[in-house]
Structures are given as C-alpha cells and as structure tokens.
Amino acid sequence: QVQLVESGGGLVQAGGSLRLSCTSSGRTLSRYNIAWFRQAPGKEREFVAAIGWSAGLTSYADSVKGRFTISRDNAKNMVYLQMNSLKPEDTAVYYCASKTAGTGAYDYWGQGTQVTVSS
C-alpha cells in the first residue's frame with residue numbers, strides 16, 4: 001500500500017523559514033514526479049511546486065518563485081520544500097503528491113501538514 005507522509009509544518013513568524021519533507025512507504029519517489037500543493041481555509045487547493053523524476057526539472061507557482069525551493073534526496077527517498085521569506089498568505093495545509101511521468105493526475109497524496117505564518 002502506497003502512503004505519502006509529510007512533516008515539518010508548524011508556526012513561524014512572517015519572514016521566517018520552514019522545510020517540509022515528504023517520504024513514502026511503498027513507492028520509490030525517485031521514479032515519480034512529485035509536487036507540493038496547499039489549501040488555505042475557504043480556498044481551493046493550489047499548486048505550489050513540482051520536481052520531475054529524471055532530470056529533476058522544477059516548476060513553481062508565481063506566488064512562491066524565488067522564496068520556495070523543491071528538491072529531492074533519492075538516497076533517503078525524500079522530497080523537500082524549503083520555504084523562505086514566509087508570508088501570512090502562505091498559511092495553509094501543505095500536501096505532497098506523486099504521479100507517473102506522462103500522466104495527467106497526481107494519484108497518491110499525503111495527509112498534509114499545517115503551516116501557519118503569523119504577522
């Protein structure tokens with residue numbers, strides 16, 4: 001059974017940093033495209049960042065470009081989201097998700113980790 005597990009969320013002041021981690025049991029993350037999404041209260045889930053399985057190509061939402069960095073450590077079966085210069089509007093539940101390259105939908109999702117940025 002495939003499970004994705006996020007960790008690293010918490011409460012931080014505006015301007016601070018957090019690093020989120022995503023790992024999996026049952027899935028070797030290096031073989032899949034991995035993305036981070038977030039959902040704030042009362043809002044729809046939105047894309048944050050993604051990293052490809054092969055060349056490690058990355059993409060980011062405009063709202064986080066220059067502040068967030070997605071990376072992977074294949075030896076540890078981990079994907080990270082380094083979040084710097086955090087803003088109150090970054091407050092949300094953050095989810096990692098995986099999909100097979102070339103397919104449309106992310107098919108496995110974690111339970112999410114809460115990030116709260118105070119002003």
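Which residue in S3 stands opposite Ser7? Hi everyone, let's start there: the partner is Ser21.

Before going on, this is a predicted model, where local features need pLDDT of at least 70, side-chain atom pairs count only at pLDDT 80 or more, and totals for chains, interfaces and linings use all residues. Residues are numbered from 1 along each chain as its sequence is written, and side-chain values use heavy atoms, with hydrogens and water left out.

Now the sheet. Four strands form an open, antiparallel sheet in the order S1-S3-S8-S7. Strands here are DSSP runs of E, at least two residues, numbered from the N terminus, and two of them pair if DSSP finds at least two bridges between them. At the edges sit S1 (3-7) and S7 (68-73), each pairing on one side only. S1 is joined to S3 (residues 18-25) by five bridges.

On to the largest nonpolar core, meaning buried Ala, Val, Leu, Ile, Met, Phe, Trp, Tyr and Cys residues joined through side-chain atoms within 4.5 Å; buried is under 20% relative accessible area, with a 1.4 Å probe and protein chains only. This core has 26 residues, and among those touching the most other members are Trp36, Phe68 and Leu81. Leu81 itself touches residues including Leu20, Trp36, Val48 and Tyr94, counting heavy atoms within 4.5 Å.

Last stop, Thr113 in strand S11. Thr113 is buried, at 11% relative accessible area. A polar atom of the Thr113 side chain lies 3.2 Å from the backbone nitrogen of Gly9. Thr113 also contacts Ser7, among others, which brings us back to our opening residue. Thanks, everyone!

Technical notes:
Buried < 20%, exposed > 50% of the residue type's maximum accessible area, 1.4 Å probe, protein only. Polar contact = N/O pair within 3.5 Å; in protein donor to acceptor, adjacent residues only side chain to side chain. Lists of a residue's contacts leave out its neighbours within four places in sequence.
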